[in-house]
Amino acid sequence: MIAVAQTSSILVPLNDLLRQTLALEPELSACLRRVLQSGWYILGKECQAFEQEFAAYCGVAHCVSVANGTDALELGLRALGVAPGDAVATAANAGGYATTAIRQLGATPLYIDVAPATMTLSPSDLAARLNPSVRAVIATHLYGHMADLPALLAVTDGARVPLLEDCAQAHGASLSARKAGSWGALGCFSFYPTKNLGALGDGGAITTNDAALAARVTSLRQYGWSAKYHSAEYGRNSRLDELQAAILRVKLPHLDRWNARRRHIAAAYSLALAGAAIASPPDSAESYVAHLYVIRTARRDEVRAALRARGIATDIHYPVPDHLQLAAQAFGGEPPTLPVTEQLAREVLTLPCYAELRDDEIATVVDALAALPREVPNA
Ligand SMILES: *Cc1c(COP(=O)(O)O)cnc(C)c1O
């Protein structure tokens, strides 16, 4: 059975970027030609227009584009005043991007456990662990689920610490009719090709209602210039190019439709899992844009093999929490104990969920989920 599983071919891939590119081919070709012929390739009209369009979409006053999502986190933290030696509170189950940005600044991550139901930052654990060395808090909207922002902001506002939203998996998600990226002091986005809104290369952005923060990030993304060739401080080179900006302008009007399709797929999977001893994602309301459809099961290897036997690709997001990474050892000290985070790393499994999945592929996954054992003995 296992041998068959390993040799059978993939019927439902975890992702297939070519489908979206082909569906938009005429529009994309036209915009690429427009940029080629403009003779202007960095920080021009496309970039400016995309920033305005994305700010309007997110319901914020300012959007500053940057080269990628990790840079957005790094420059965002720096704009918030995070300096070497400061602590930044964050979750350890979100792929390590926040930790990378924090370490790049010479700051130290303070890991907060996640809530079991949402898999995002636990407001009560945050309240318990906040201390005066914490200069900022990063809340990641993991897998496309918005974190519990009302509860988290009650904690951070009370402590007068800024909250940064990592929206790299949550473009277009909204809670109480307010979009991800409009709640915290800053929102950080990635436009990596597999994201809900993805470029054909790298890209990122910071959203904010604070004009001073937007100005600071605008300076930091271009060497720290206050004006051309004048540096008030040292920054980075982290710019979104005109080609990627033009591509994102083509794609942004499709985002809500794509997110609706992702939610539809997620709802079909959750229905098929009803009664199985497998935890499906919390909900499929507006606050979930189904960037990833992640189930939890103590019998992950078996479930994975059963799906693989039916040609369904899966992956694990993420296998090693930040505090247990090899890279963390260089900084010494005992890693913290994060029981929920560590249990999730053993149990999470990602199923294919993206807007271009065909109905027959969805049916293949639904049938496979419905065929999983309904009663699983306690592991
Ligand atoms: C993808 C991602 C990032 C990093 O984005 P890049 O553009 O790849 O640098 C940051 N945070 C989260 C949660 C992500 O999923």
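In the predicted model, Y318 is placed in the loop that runs between helix 12 (300-309) and helix 13 (326-329). The peptide bond joining H317 and Y318 is cis, with an omega of about 10°. A second backbone feature concerns L43, which is not a glycine but has a positive phi of about 45°. L43 belongs to the loop between helix 3 (25-38) and helix 4 (45-58).

Both partners of the cis peptide bond, H317 and Y318, recur in the description of the internal cavities. Searching the whole structure gives 3 cavities of 30 Å³ or more. The volume of the largest cavity is about 90 Å³. Its lining comprises 14 residues, of which N93, H317, Y318, T341 and A345 are the closest to the centre of the cavity. Among the secondary-structure elements, helix 14 (residues 339-347) gives the most to this lining, contributing 3 residues. By class, the lining of the largest cavity consists of 9 nonpolar residues, 4 polar residues and 1 charged residue.

The largest pocket has a volume of about 440 Å³. Of its 28 lining residues, Y97, Y192, T194, K195 and H291 are the closest to the centre of the pocket. At least two residues of the lining come from each of helix 5 (69-79) and strand 13 (348-351). Helix 5 gives the most, with 3 residues. The lining of the largest pocket divides into 13 nonpolar, 11 polar and 4 charged residues.

The ligand sits in this largest pocket. The residues around the ligand are N68, G69, T70, Y97, T140, D166, A168, Q169, S190 and K195. Two of these, Y97 and K195, are also listed among the residues closest to the centre of the largest pocket. In terms of class, the shell around the ligand contains 6 polar, 2 nonpolar and 2 charged residues.

Polar side-chain atoms of T70, D166 and K195 approach the ligand. For T70, a side-chain N or O atom is 2.6 Å from an oxygen atom of the ligand. For D166, the partner is a nitrogen atom of the ligand, which lies 2.7 Å from a polar side-chain atom of this residue. For K195, a polar side-chain atom is found 2.7 Å from an oxygen atom of the ligand. On its own, the ligand has 380 Å² of accessible area, and the protein covers 92% of that area.

Methods. Residues are numbered from 1 along each chain as its sequence is written. This is a predicted model: local features need pLDDT of at least 70, side-chain atom pairs count only at pLDDT 80 or more; totals for chains, interfaces and linings use all residues. Side-chain values use heavy atoms; hydrogens and water are left out. A residue is near a molecule or strand if one of its heavy atoms lies within 4 Å of it. A polar contact is a pair of N or O atoms within 3.5 Å; within protein, one must be able to donate a hydrogen and the other to accept it, and residues adjacent in sequence count only if both atoms are side-chain atoms. Accessible areas come from the Shrake-Rupley method with a 1.4 Å probe; for residues, only the protein chains shown count as cover. On a 1 Å grid over the protein atoms alone, a cavity is a set of points where a 1.4 Å probe fits but cannot get out, and a pocket is an open set with protein on both sides within 12 Å along at least five of seven lines; lining residues have an atom within 4 Å of a point. A molecule sits in a cavity or pocket if more than half of its atoms lie within 2 Å of its grid points. Ala, Val, Leu, Ile, Met, Phe, Trp, Tyr, Cys and Pro count as nonpolar, Asp, Glu, Lys and Arg as charged, and the others, Gly among them, as polar. Grid points are joined across faces, edges and corners, and a volume is the space filled by probe spheres set on the points. Helices (H or I, at least four residues) and strands (E, at least two) are DSSP runs, numbered from the N terminus.
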